[in-house]
Structures are given as C-alpha cells and as structure tokens.
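Q: Hey, could you walk me through this one? I'd like to start with the overall layout and then get into details.

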Amino acid sequence: MIHAHTNFPGGSVRDLRVEGGVIRFAAVRHESVYSMWWQFALNGPGGPVRCIWESTDEVLGSDGLDLVVPVYTTAGGSWRRVDPRTCYHNPRVREFGFMVPTAAGETRVAYCYPYDWDRVEAFIADVAQQPGVTVREVGKSEGGRPFRVLKLGQGERHLWLTARHHAGETPGAYVLEGAVRELLQHPRWLASMTMHAAPAMDVDGVAEGWYGKEREPRDFNRDYCARPCRPEVRALMAYAEGIGKADLILDLHAPAPPDFSFLVPVKESSLSLQEWVATWEFGRMLDALAPRSCPVRVMDAQPGAMNWSGETMGQTSTGWFHRRFGAIAATLETTYHHSHDGRLVTPRGWLALGKAVAHAAAAQSGLRSRPDVADIELPRSRVPRFAHWQCVHWPQGVTLHEEGQWLEARSPNPDGYAWVFSPRVLAAEAARFRYEYAGPGGALAVHARGYDPDRDLSTGDTSLTTLELRPTRRPRTVTVASPDPWCQLFFRMKHLRGTLRLAVG
Ligand SMILES: [Zn+2]
C-alpha cells in the first residue's frame with residue numbers, strides 16, 4: 001500500500017491522492033495565476049510508481065512541458081532525475097506523467113532539484129563561519145521569518161546577487177551559492193570587491209514551497225517602487241541605499257520549462273548603447289567561462305524577454321539597481337532541465353555556473369584576466385532609442401519616429417502593436433496628452449503610473465484609460481486620472497492601422 005503526503009518542510013502540492021496505485025496531484029498556485037513548483041513524499045513497499053501531474057495548463061510555459069524531467073531521492077540519498085523516457089506531457093488532458101523508481105521507506109519527488117529553507121539556513125550558517133563574511137538580518141518576511149543578506153569582502157567595487165524573487169526557481173539559489181563559495185576562495189579579489197548576496201528574496205515562498213511567480217498583490221520582482229508591498233524588497237532597498245553603491249547586479253532566476261539558460265539586460269530602451277554593450281561584455285565573459293555542465297550562451301538571449309514588463313517597467317530589481325546606482329544589471333535565467341546540447345543539468349552544473357559568475361565579475365573588475373571572447377558576437381540592439389520616449393515592448397508592424405516632443409507611430413496593417421512610455425513627470429491635474437490620428441481604427445490604452453518625486457520612483461499604483469481611435473482634424477487633448485499626485489504615462493496601441501501622433505502634457 002502506497003501513501004503520499006507533504007508532511008515535511010517544503011512539501012507542497014494540492015489534490016494529492018492515490019488512485020489504483022497511481023499518484024495524482026497538481027502544483028500549488030499560491031496567490032498566483034501560474035503554478036510550476038511542487039514536491040511531495042511517497043511511502044510504500046518500493047518499486048516503480050506512476051505519477052500524474054494534473055492541471056498542467058496552469059503552468060508557466062506549459063507548451064514546453066514535454067522537456068521536463070522531475071527528480072527523486074530515496075532513503076535520504078542524493079537527488080537524481082527520473083528516467084526521461086518515462087516522461088510525457090499530454091496537453092489535451094492537461095497531464096504530465098512519469099515513473100518514479102521508489103525504494104522501501106520514504107521517496108521524495110520534486111519538479112526539479114529542491115533548495116529548501118533548511119538548505120538556505122545551512123548555507124548561511126556555514127558561510128557565516130568564514131573570515132570576512134558578515135550576515136545581516138535586514139528585515140523579516142510577512143510570515144515573520146528572517147530576511148538576511150550576506151556581505152563578503154570590503155573592496156571598492158560592489159557586486160550584488162539576489163535569488164528567488166520567484167521562490168520555486170531553485171537553480172538560481174545554486175548559482176548564488178556557487179558564486180559565494182568561489183569568491184571565498186579568492187581573498188585577493190575580496191580586497192577590491194564587496195559582494196552582497198540575498199539567497200532567498202521571497203522568504204516565506206521558499207519556506208512553504210510556493211512557485212511565487214506573479215504572486216498577488218504584486219510580483220516580488222515588480223515591487224521595486226516607492227511603496228513596496230514585500231517586506232523583503234523594502235528591506236533590500238533600504239539596505240542598498242545604506243551601502244549606496246552597486247557596480248554589478250545579477251538577479252538569479254529560472255526560465256520557463258523548455259528554455260535554456262540566458263541573460264536578460266535591463267529593459268533595452270532604457271539603456272544607453274554604451275550600457276547595452278557593457279552588459280553584453282559581461283555576458284560574453286560569462287558565456288566564455290560557463291561550464292560545459294551548464295552553459296549560458298549570449299546567442300540564447302531571448303528577444304521576447306524585452307516584452308516581460310508592461311506598466312511595471314523599471315520596477316524589477318535590476319531596473320532599480322541600474323537606475324539608482326548606475327549598475328550593470330542583468331537577470332540570469334538558469335535552466336531547470338536541459339542545456340542547448342540536450343544535456344540534463346544538475347546542481348553541480350549550477351554551482352559551477354555560480355563559480356563562472358564570480359570569475360566573470362572578477363574579470364570585469366580587472367581582478368583576473370579576461371577570457372577570450374573573440375568568437376562570441378554581441379546581440380544587436382534592435383529597439384529604437386528616443387530622447388523623450390522609451391519602448392516598453394518591441395514594436396510589431398509599427399514604425400516609430402520622434403519629432404520634438406511628438407512620437408509618430410505608423411502602421412500599414414491592422415495588427416500594428418506598440419507600447420511606449422513617456423518618462424516625463426506630470427502633476428495629477430496636468431495628467432494629459434494630445435493626439436492626432438489618421439486611419440480607419442485602432443485602440444489606445446493609457447496607463448497612468450503614480451510617481452514619487454521625493455524618491456524618484458514609481459509608487460506602484462496605476463490607473464487605466466482606454467479610447468477607440470477615430471480620425472482627428474486637429475490635435476485632441478485627453479485628460480487621464482492619476483492614482484497619485486504625480487504620474488507618468490504609458491501608451492499601448494493595438495490594432496493600429498494608420499498614423500498616430502502622441503505628445504504628453
Ligand atoms: Zn523568475
């Protein structure tokens with residue numbers, strides 16, 4: 001008789017049950033529209049057990065689930081992958097099936113290699129013993145657990161690492177650990193460099209086994225604003241303000257199930273070309289230094305990552321560190337499952353990638369020789385840069401052109417789509433824009449995002465105004481509702497077929 005349960009720290013699934021010897025379950029969607037992460041235990045006589053993960057349409061990137069290979073451990077041994085040949089995804093019935101070779105006693109099964117709260121605690125306690133390391137509890141989570149930041153070294157250059165803004169993205173935690181452990185091997189580097197590392201941003205999510213992406217009311221990695229709702233984000237921002245310096249920040253994540261590892265710079269249109277190139281110079285070094293067991297290639301950079309944010313643009317940790325301190329800032333997405341060469345990754349590969357992160361940071365700081373990157377091309381920057389406007393998304397079928405304060409969007413076909421942002425700060429009573437339109441139709445959504453002039457940050461609140469576009473004879477003025485005394489405007493143009501001209505204020 002087999003028994004399935006989650007009665008252990010980090011155990012997390014829903015609808016777990018045994019039906020005819022088959023384990024059925026779904027992943028927890030705690031306060032989120034998405035699920036992905038899960039972990040549970042089986043107790044039984046041993047032998048192969050069929051498991052079926054249900055409601056897979058809720059999983060972020062569910063169309064790539066056929067590349068998922070879950071992991072298991074028996075009798076407290078090391079985790080390993082289940083046999084990939086037993087894994088299949090059937091999107092029609094929203095099920096992912098796989099076989100687990102259990103042993104007598106307890107077998108644990110998880111979406112990918114776990115990095116549970118007890119490991120976070122053990123890692124911090126271990127590193128705290130090392131000379132030159134301080135551990136500071138800078139805040140508490142909503143659940144009252146400690147939020148801690150490690151500090152290594154006392155050099156002039158400040159390197160920041162954060163992991164698990166999305167709690168279930170465990171590869172990032174291994175990368176962070178690998179980087180910290182490698183830096184500790186190089187006291188000479190740490191004389192010139194200081195590293196601040198936050199291994200668990202969503203503390204409660206890590207402890208409870210939540211996936212955490214897009215957790216309501218605001219994703220942890222969209223909370224870098226004047227009124228953060230996440231105590232950990234508020235604490236990290238205050239701590240970073242106290243330090244006052246950031247030369248490089250890497251925010252460590254894991255991507256959708258089928259994705260390889262890749263680097264994402266700060267929103268492309270908010271970077272100068274020089275900053276774009278500097279970010280990719282770091283990316284090229286990481287590409288050259290990354291281990292075979294977990295490669296990160298510049299060529300795997302995803303253009304779609306440009307479209308990750310909407311009106312929360314700039315509220316990511318990397319966006320904030322770049323804006324506030326001028327840091328070279330990037331998100332590193334480390335694959336859960338496969339590398340580009342078809343190889344399945346392991347924690348050892350992730351730790352080795354962390355080591356490469358430390359070396360790339362040292363090379364960038366001139367503390368070790370730069371690797372040869374001559375055969376690694378920089379990705380081309382393809383976003384138009386303007387003096388008064390920024391692109392939130394890649395324009396699709398729309399040509400954008402700036403003329404003084406006016407932005408002109410021309411779309412010859414009915415699918416024209418563009419999303420732009422005006423950094424100009426408007427008082428609520430003057431929250432208005434002018435437009436001219438020539439064409440048969442289209443829609444314009446205008447998000448007014450609250451702005452805090454004292455902190456030079458968005459407040460995190462937005463209001464939305466929508467209008468159907470009709471041809472105009474002369475410029476029209478539209479006043480929008482602002483959620484705060486000050487705001488900035490975002491314009492999303494949909495089904496544009498014609499020419500739209502926009503000016504703010
Ligand atoms: Zn993430």
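What follows is a short chat about the domains, cores, one helix and some strands of this predicted model.

Q: Sure, so which domains is the protein divided into?
A: Bear in mind that this is a predicted model. The protein is split into domain 1 (3–110), domain 2 (130–364) and domain 3 (390–504).

Q: How far apart are the C-alpha centres of domain 2 and domain 3?
A: Those centres lie 32 Å apart. The contact involves 14 residues from domain 2 and 17 residues from domain 3.

Q: And what classes of residue are on the side of domain 2 that touches domain 3?
A: That side has 5 nonpolar, 6 polar and 3 charged residues.

Q: Nice. Switching to the inside: how many residues has the largest nonpolar core?
A: The largest nonpolar core has 117 residues, and Ala27, Leu161, Leu286 and Val357 have the most contacts inside it. Helix α8 (residues 347–364) is the top contributor, giving 11 residues. At least three residues come from each of domain 1 (3–110) and domain 2 (130–364).

Q: What does Val357 touch, leaving out residues up to four places away in sequence?
A: Val357 touches Val175, Ala179, Leu250 and Leu286. Apart from that core lies another one, of 32 residues, with Val392, Val446, Cys487 and Leu496 among them.

Q: Let's look at α5 now. Why does the distance between its end C-alpha atoms agree with its 13 residues?
A: At 1.5 Å a residue, the 13 residues of helix α5 (residues 231–243) should span 18 Å, and the end C-alpha atoms are indeed 18 Å apart, so the two agree.

Q: Which residues in α5 are buried?
A: Glu232, Val233, Ala235, Leu236, Met237 and Ala240 are buried. Their cover includes β11 (133–140), β12 (146–152), β14 (193–198) and α4 (203–208).

Q: What comes after α5?
A: Gly244 follows α5, and its phi is positive, near 75°.

Q: Last topic, strands. How many bridges join β4 to β10?
A: Strand β4 (residues 39–44) and strand β10 (residues 105–110) are joined by 6 bridges and run antiparallel. Ala41 is opposite Arg108 in β10.

Q: What about β6 and β10: parallel or antiparallel?
A: Strand β6 (residues 71–74) pairs with β10 in the antiparallel sense, over 4 bridges.

Q: And which residue in β10 is the bridge partner of Thr74?
A: Thr107 is the partner of Thr74 there.

Methods. Residues are numbered from 1 along each chain as its sequence is written. This is a predicted model: local features need pLDDT of at least 70, side-chain atom pairs count only at pLDDT 80 or more; totals for chains, interfaces and linings use all residues. A nonpolar core is a set of buried Ala, Val, Leu, Ile, Met, Phe, Trp, Tyr and Cys residues joined through C-beta atoms within 7 Å. A residue is buried if 20 or more other C-beta atoms lie within 10 Å of its own, exposed if 12 or fewer, and partly exposed in between; C-beta atoms are placed from the backbone. Helices (H or I, at least four residues) and strands (E, at least two) are DSSP runs, numbered from the N terminus. Domain bounds come from an automatic or database domain assignment. Two residues are in contact if their C-beta atoms, placed from the backbone, lie within 7 Å. The expected span of a helix is 1.5 Å times one less than its number of residues. Two strands pair if DSSP finds at least two bridges between them. Ala, Val, Leu, Ile, Met, Phe, Trp, Tyr, Cys and Pro count as nonpolar, Asp, Glu, Lys and Arg as charged, and the others, Gly among them, as polar.
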